[in-house]
Amino acid sequence: MCGIVGYIGKQGAVGALIKGLRKLEYRGYDSAGVAVLDGGAMLVTKTPGKVAALSERVRAEWPAELLASARAGIAHTRWATHGLPTQSNAHPHLDETGRIALVHNGIIENYRPLRARLEAKGHHFHSETDTEVLAHLVGEFFSGDLFQAVCSALHQVEGTFGIAVFSSLEPDRIIAARRGSPIVVGMGDGETIVASDASVIVAHTHRVIFLDDNDVAVVKADSVDVRDLDNVPVNRAVAELGMDVESAEKGGYEHFMLKEIHEQPEALGNAIRGRLDFALGSAVLSGMNTSPRELAELKRVIMVGCGTSLHAGLVGEYAFEELAGVNAEVEQAAEFRYRNPILGSRDFVIAISQSGETADTLAAVREAHQKGAFVMSLCNVVGSTIARETGRGVYLHAGPEISVASTKAFTSQVAVLLMMALKLGRGRRLSREHGLELARAIESIPELVTRVLVQDDRIRALAAGCVRDEHAYFIGRGPLYPAALEGALKLKEISYIHAEGYHAAELKHGPIALLSKGTPVIALACDIPGKDKTLGNVEECRARGARIIGVVSEGDGEAAEHMDECLEIPRTHPLVTAIPAAVALQLFSYHVARLRGCEIDQPRNLAKSVTVE
Ligand code: AGP
């Protein structure tokens with residue numbers, strides 16, 4: 001989704017802004033722009049397409065001396081919501097006078113009446129965007145104090161925003177504000193950086209302030225002053241960023257996705273380390289902050305999330321029911337937030353989100369709080385909005401996930417959900433012996449994943465056979481059913497092959513009509529309860545001429561015989577199997593997409609964190 005960078009300080013601002021935009025490219029965008037001051041006049045360059053195109057234009061069109069001398073400015077990558085990805089719709093947008101520039105993430109919901117009101121006053125608009133309306137509104141309120149003008153404008157808008165505002169009238173400051181869309185301010189040595197994402201900031205400093213909703217910050221090269229919309233100072237703690245520059249780089253891999261797939265043994269090790277209690281056959285997750293009594297009295301677990309995070313929840317559902325004997329449900333966050341769910345204090349709502357910023361998941365959290373449920377989160381990004389608003393939960397510690405297609409976050413989410421279910425189970429009906437069995441299986445996950453990763457060549461060969469396919473079906477049962485859904489999502493996201501995941505039994509209730517000679521069916525038939533039934537479903541597909549690529553347990557010759565081609569993954573506890581299976585499918589999708597020449601880290605139309613409904 002859209003990305004914001006603002007820079008003010010001792011370095012060349014143009015270089016810092018373009019470099020910052022490059023760090024945001026992974027979020028997905030379709031146009032970019034930058035604004036700095038040239039001898040007191042606002043200079044804006046914008047272009048549809050990539051940051052590289054913007055950088056070329058800036059270097060070709062702006063005076064060389066300005067490239068070196070500009071000390072402040074703002075920049076943006078836009079993911080189109082209101083209007084096509086054109087030059088005029090790209091940010092920064094200017095106010096009527098051309099002296100105030102503004103970049104914005106989010107959606108101004110009441111932009112139409114505001115625009116009509118401003119037009120009636122003689123304002124002229126050059127884009128179809130909601131953002132330009134906000135820029136004009138700030139200009140309309142400006143009477144010598146940019147901070148006040150921004151506050152007055154924000155009082156009038158409905159919707160969500162993360163903004164950075166820069167003006168030739170007050171060139172020593174950038175005004176930043178947020179409501180529902182993240183803004184982080186990095187405080188370096190003689191330089192301050194505003195960004196929608198901490199990955200921009202690590203190259204400059206690790207000292208940051210995360211703005212809260214309705215915070216407005218006056219950002220100068222050597223100071224940050226945070227106030228609310230009514231000009232009352234607010235105290236925001238300075239946090240230390242845990243990530244390093246290296247983890248925001250590709251580290252020799254061709255794509256971030258490949259790097260993140262290969263990082264999984266380490267990421268999973270980090271998610272698991274110190275969280276298993278072998279003496280009790282349980283898990284230690286202090287962030288859940290639950291008393292034994294709360295665990296014992298709990299009535300229901302409801303997991304909410306979107307996309308890959310939703311699939312992780314579906315694996316968790318099996319674990320909570322089997323281990324803790326508790327009713328577990330998983331719901332698409334957008335559906336949950338609007339369907340008036342019946343909730344009470346004995347319902348655990350677990351919001352699952354890699355980014356911790358997904359708009360629908362955040363709204364689901366607020367709905368659950370409103371209804372008095374016991375809400376916690378499972379996030380990767382430390383300090384993200386969902387993590388902060390839930391106040392309790394478990395961090396994944398998977399490290400920054402840059403590729404739009406989620407990989408290490410998924411497997412870490414599943415591992416943490418298994419530990420949550422283990423802890424809950426031991427507080428309820430699970431025996432120490434069974435708890436210990438699962439704890440040992442969880443401990444072995446990094447090694448299981450390594451044993452899948454070493455089969456890269458084999459997986460690439462399987463992928464090569466699917467490069468020309470335009471449809472593919474993934475099937476599985478039990479915890480391998482969500483793994484099949486996730487496998488299909490990965491393939492469609494990055495290779496643009498039409499892929500669907502189905503419960504193996506569901507195929508014959510309709511989708512089997514789509515199978516014909518050679519259609520690839522990826523069958524997850526590892527040795528878990530229900531395998532024989534899946535093998536029966538495989539035969540039904542074969543009878544329609546489908547080409548079966550099997551994922552089976554190591555040494556399971558019987559299952560392999562049902563497949564045209566086959567990949568073996570290590571045997572483990574049935575609840576854990578979804579993890580190595582998912583890793584195999586991640587690599588499979590990666591190689592298909594690579595062989596098709598797709599743009600893997602930033603697939604078309606997709607964004608890393610979806611901060612609009
Ligand atoms: C995964 O590959 C996707 N890009 C997407 O489905 C993602 O999982 C979804 O948007 C939810 O994001 P979150 O985990 O950050 O909330």
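The following exchange concerns a predicted model and looks at its domains and its ligand.

Me: What makes the pair arginine 366 and aspartate 213 a salt bridge?

Reply: The side chains of arginine 366 and aspartate 213 come to 3.4 Å, taken from N to O, and because the rule asks for a side-chain nitrogen of Lys or Arg within 4 Å of a carboxyl oxygen of Asp or Glu, the pair qualifies as a salt bridge.

Me: Where do the domains of the chain begin and end?

Reply: The assignment gives domain 1 as 3-248, domain 2 as 250-443 and domain 3 as 453-598. The C-alpha centres of domain 1 and domain 2 lie 34 Å apart, and their contact takes 12 residues from domain 1 and 13 residues from domain 2.

Me: How many salt bridges and polar contacts does the interface of domain 1 and domain 2 hold?

Reply: The rule finds 2 salt bridges across this interface, and the count of residue pairs in polar contact between the two domains is 3. On the side of domain 1 that touches domain 2, the residues divide into 6 nonpolar, 1 polar and 5 charged. Together the two domains bury about 960 Å², of which 52% is on carbon and sulfur atoms.

Me: Why is the approach of serine 355 to an oxygen atom of the ligand called a polar contact?

Reply: An N or O atom in the side chain of serine 355 is 2.6 Å from that ligand oxygen, and the cut-off for a pair of N or O atoms is 3.5 Å, so the pair counts as a polar contact.

Me: Which backbone atoms approach the ligand, and how much of the ligand is covered?

Reply: A polar backbone atom of glutamine 354 is 2.7 Å from a ligand oxygen, while a backbone N or O atom of valine 404 lies 2.9 Å from a ligand nitrogen. The protein covers 91% of the 410 Å² of accessible area that the ligand has on its own.

Definitions and conventions. Residues are numbered from 1 along each chain as its sequence is written. This is a predicted model: local features need pLDDT of at least 70, side-chain atom pairs count only at pLDDT 80 or more; totals for chains, interfaces and linings use all residues. Side-chain values use heavy atoms; hydrogens and water are left out. Domain bounds come from an automatic or database domain assignment. Contact means heavy atoms within 4.5 Å. Buried area is the accessible area (1.4 Å probe) that two parts lose on being put together, summed over both. A polar contact is a pair of N or O atoms within 3.5 Å; within protein, one must be able to donate a hydrogen and the other to accept it, and residues adjacent in sequence count only if both atoms are side-chain atoms. Ala, Val, Leu, Ile, Met, Phe, Trp, Tyr, Cys and Pro count as nonpolar, Asp, Glu, Lys and Arg as charged, and the others, Gly among them, as polar. Accessible areas come from the Shrake-Rupley method with a 1.4 Å probe; for residues, only the protein chains shown count as cover.
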